[in-house]
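Colleague: I've got a model open and I'd like to learn how to read it. Could you walk me through a few features?

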Amino acid sequence: MEYTILGTSDLKVSKIGLGTWQYGTEGWGFGADFTEQEALATVDKALEIGINLLDTAEVYGDGRSEEIVGKALAEHRGEVILATKVLPRHLRPRDLVRACEESLKRLKIDQIDLYQIHAAEPYVPLAESMDVLAKLVDRGVIRYVGVSNFSVPLLRAAEEAFSGRIISNQVRYNLLQRDIEAEVLPYCREHSITVIAYSPLAQGLVTGKYDRDHLPADKIRQRNPLFREENLVQVFPVIDLLRHIGNEHGATPAQVALRWVTAQDGVIAIPGAKRPEQVEENAGALDWSLSMDELARLDTASTDLELSYF
Ligand SMILES: NC(=O)c1ccc[n+]([C@@H]2O[C@H](COP(=O)([O-])OP(=O)(O)OC[C@H]3O[C@@H](n4cnc5c(N)ncnc54)[C@H](OP(=O)(O)O)[C@@H]3O)[C@@H](O)[C@H]2O)c1
């Protein structure tokens, strides 16, 4: 396992963490095909193989994900860097304190290692929320503050308003969706803010398990424009390249895709996994390297994608 430090903090995290949005989202189909037991077994496997960063959010499964992660944490609290998120609609001072307390209760812990603003809320002055977050750090109920889905102007405003340091920005980043490279990633690098890449497997698309006759049936991916024909026609050749490069290394397309993300300076990834086998495969993306030539080929193949989000 490879580890790195999150931003300017003293948190040492695995470069591949575990995303747990899937847990408790039965109603959306994303998590309908597995049980709480499988979720717990997946977290156990992750910890066993050295993954120590668990990412959840109050909104995932309306709190179910935090409850499941809390159960998994019971015997492992000391080994885990626990990251959760507060909803935009809970960013008003009084709501923020309450949201944090309720997350702590569901997680059955007394301190959150990384508390992230899930996304900005246009109707609440950011400075008010940052002020409360600073107080929560002072009270010791959160160790560090991160943000998610923040653009450069929002990052700038958050940094100006916060008395401490923002240590991470959790944003979508995968080989097919590289938008953050224009502004967000350079800014984060310059300001020692770690980018935590979500959807690093493009919700499973880059694992190579889908073709036109076998597309995902769940609501979340059916609404994801990546899985539409006009995009798939561009994406499949990139997946062929992942497969081809993987063959050279005895690696799967998922592992090459995650290796690519984690090879980017200042970036770690939190693939979601539902089964122990997936988590093991994903962790197998580390401890080997892509050559400069392979990185360049992946870069060329994915830079000019013209994806449509209609
Ligand atoms: N901050 C935000 O706004 C935000 C937004 C989205 C996600 N996130 C976080 O990021 C995490 C990951 O993002 P994501 O779930 O959107 O996408 P992802 O990690 O790209 O894809 C996860 C899905 O891919 C499939 N998968 C995982 N490993 C696999 C493997 N080795 N082989 C084949 N399939 C595999 C699984 O679904 P199947 O088995 O059903 O195919 C899994 O649910 C989430 O859990 C959450 O913690 C944050």
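Modeller: Sure. Helices and strands here are DSSP runs, numbered from the N terminus. Keep in mind that this is a predicted model.

Colleague: Okay, let's try that on a residue. Where does Leu-87 sit?

Modeller: Leu-87 belongs to the loop between β5 (81–86) and α3 (93–107).

Colleague: Is Leu-87 buried or exposed?

Modeller: The cut-off for buried is under 20% relative accessible area. Leu-87 has 11%, so it is buried. Its C-alpha atom is 7.0 Å from that of Glu-58, a residue 29 positions away along the chain.

Colleague: Now the backbone. Which residues have a positive phi although they are not glycines?

Modeller: Lys-108 is one of them, with a phi of about 55 degrees. Ala-202 is another, at about 50 degrees. Lys-108 lies in the loop between α3 and β6 (112–117), while Ala-202 is in the loop between β9 and α7. As for accessibility, Lys-108 counts as exposed at 69%, but Ala-202 counts as buried at 1%.

Colleague: And how do I read aromatic rings?

Modeller: A pair of aromatic rings is described by two things, the distance of the centres and the angle of the planes. A search of the whole structure turns up three aromatic pairs. One of them joins Tyr-210 and Phe-227: the centres are 5.7 Å apart and the planes make 85 degrees, which is edge-to-face.

Colleague: Why does that pair tie together separate parts of the chain?

Modeller: Because Tyr-210 lies in the loop between β9 (194–198) and α7 (219–222), and Phe-227 in the loop between α7 and α8 (229–249), the pair links parts that are 17 residues apart in sequence. Both Tyr-210 and Phe-227 are buried. Rings can also partner with charges: the charged end of Lys-12 sits over the ring of Tyr-3, 5.5 Å from its centre.

Colleague: Last one, the ligand. How many residues surround it?

Modeller: There are 31, and the closest are Gln-22, Leu-201, Lys-209, Arg-221 and Lys-274. By type, the shell has 10 nonpolar, 14 polar and seven charged residues. Helix α10 (residues 276–283) gives the most to that shell, with three residues.

Colleague: Which polar atoms of the protein should I look at there?

Modeller: Try Gly-272, where a backbone N or O atom lies 2.8 Å from a ligand oxygen. A polar side-chain atom of Gln-170 is 3.1 Å from a ligand nitrogen. Thr-20 has a polar backbone atom 3.2 Å from an oxygen of the ligand. Overall, the protein covers 94% of the 900 Å² of accessible area that the ligand has on its own.

Note on methods:
Residues numbered from 1 in each chain as written. Predicted model: local features only at pLDDT ≥ 70, side-chain atom pairs only at ≥ 80, totals over all residues. Heavy atoms only, no water. Near = heavy atom within 4 Å. Polar contact = N/O pair within 3.5 Å; in protein donor to acceptor, adjacent residues only side chain to side chain. Areas by Shrake-Rupley, 256 points an atom, 1.4 Å probe, with all protein chains shown as cover. Helix = DSSP H or I, 4+ residues; strand = E, 2+ residues; numbered from the N terminus. Nonpolar A, V, L, I, M, F, W, Y, C, P; charged D, E, K, R; others polar. Phe/Tyr/Trp six-rings, centres within 6.5 Å; stacked < 30°, edge-to-face > 60°. Buried < 20%, exposed > 50% of the residue type's maximum accessible area, 1.4 Å probe, protein only. Lys NZ or Arg CZ within 6 Å of the ring centre and 35° of its normal.
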